[in-house]
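The exercises below are meant to be worked with the sequence and the coordinates open side by side. Try each task before reading its solution.

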Amino acid sequence: SQYQNSFNNKMTTNVYKHGINEELSASTALLLGYTLDFQPDFQEIRRDSLKQFIWTGRGYPYRWLTLHKSNRELYLNPASAWIQLETDFSIHIPEITISQYFKQNDKVKMGDKSIPLIRGMYEHGESESGGPFFVYIFDTDSSDEVILVSGFVNYPGREKLMLLKQLEIIAKT
């Protein structure tokens, strides 16, 4: 656990060494009522205020984060969570498809809470590539909804693990 804490602290320092994109964080808070501490080079890619969805990211190697609200009941068990996640992605980011090759459900400790975590592989139609993704499922103040924070890495032919870890640090803020 000491190694893990040291690793996370160093990674967090590295992720935020140039600060935080305050403007993007504030606009996300206005849209969803919740926000993340985005790196300064993250930009808004797509926003849908009616569906309460925002897609942010940065250039090559591509790292994307999406945030949206969904029905809490549909994410209570792993089987229905995968079905609903595919539905949510088809509505909000139809150019992304979940691959059937790797699907994992887990729980992650954050403070005194246990947060559901989904991991998998995705395909991106426009670039004819894909990569790993994760989805953290956070409870909200409302008893019937959750916020999903999804991270995607697209870096064809290259190592993606550290990029994914960086996105997870941002997602946990």
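**Exercise 1.** Which strands does α2 lie across, and at about what angle does α2 run to β1?

*Solution.* The model is a predicted one, and the reading starts with the placement of the helix. Helix α2 lies across β1, β2, β3 and β7, and its direction makes about 15° with that of β1. Helix α3, residues 78–92, also packs on the sheet, where it touches β1, β2, β3, β4, β5, β6 and β7, and its direction makes about 120° with that of β4.

**Exercise 2.** Determine which residues of α2 are buried and which are exposed, and explain how the buried ones come to lie on the same side.

*Solution.* Begin with the buried set: within α2, which spans residues 22–32, Leu24, Ser25, Thr28, Leu31 and Leu32 are buried. These residues cover an arc of only 125° around the axis, which puts them on the same side of α2. The underlying rule is that an α-helix has 3.6 residues a turn, so residues three or four places apart point the same way. Next, turn to the other side of α2, where Glu22, Glu23 and Leu30 are exposed. The buried residues of α2 can then be followed to their partners, since they pack against β1 (43–48), β2 (53–58), β3 (62–71) and β7 (145–154). Finally, look just past the helix, where Gly33 follows with a positive phi, near 85°.

**Exercise 3.** Work out the strand order of the sheet, and say which strands stand at its edges.

*Solution.* The sheet is open and has 7 strands, in the order β1-β2-β3-β7-β6-β5-β4, with antiparallel pairing. β1 and β4 (96–110) each have a single partner strand and stand at the edges, so one side of each is left without a neighbour in the sheet. On average, and with direction ignored, neighbouring strands of this sheet are turned by 20° against each other.

The individual pairings can now be checked.

- β2 and β3 run antiparallel and are joined by 6 bridges; Trp55 has Thr66 in β3 as its bridge partner.
- β4 and β5 are antiparallel as well, with 11 bridges between them, and Asp106 stands opposite Leu117 in β5. Their hairpin has 2 residues between the strands, and in it Gly111 takes a positive phi near 65°.
- β5 and β6, again antiparallel, are joined by 8 bridges, and the partner of His124 in β6 is Ser129. This hairpin has 4 residues between its strands, and Glu128 in the turn has a positive phi of about 50°.

**Exercise 4.** Is Ser99 buried or exposed, and which residues is Ser99 in contact with beyond its neighbours within four places in sequence?

*Solution.* Ser99 has its place in strand β4. Its relative accessible area is 5%, and because the limit for a buried residue is under 20%, Ser99 counts as buried. Leaving aside neighbours within four places in sequence, its contacts are Met121, Tyr122 and Glu123. A polar atom of the Ser99 side chain also lies 3.1 Å from the backbone nitrogen of Tyr101.

**Exercise 5.** Describe the largest nonpolar core, naming the residues that touch the most other members.

*Solution.* This core has 28 residues, of which Phe38, Leu65, Phe134, Tyr136, Val149 and Ile170 touch the most other members. At least two residues each come from α1 (2–15), α2, β3, β5, β6, β7 and α4 (161–171), and α4 gives the most, with 6 residues. Another core, of 19 residues, lies apart from it, including Ile96, Ile137, Val146 and Phe152.

How values were computed:
Residues numbered from 1 in each chain as written. Predicted model: local features only at pLDDT ≥ 70, side-chain atom pairs only at ≥ 80, totals over all residues. Heavy atoms only, no water. Buried < 20%, exposed > 50% of the residue type's maximum accessible area, 1.4 Å probe, protein only. Arc of directions from axis to C-beta. Contact = heavy atoms within 4.5 Å. Pairing = 2+ DSSP bridges. Axes fitted to C-alpha atoms, helices over the stretch in contact; angles between N-to-C directions. Polar contact = N/O pair within 3.5 Å; in protein donor to acceptor, adjacent residues only side chain to side chain. Core = buried A, V, L, I, M, F, W, Y, C linked by side-chain atoms within 4.5 Å.
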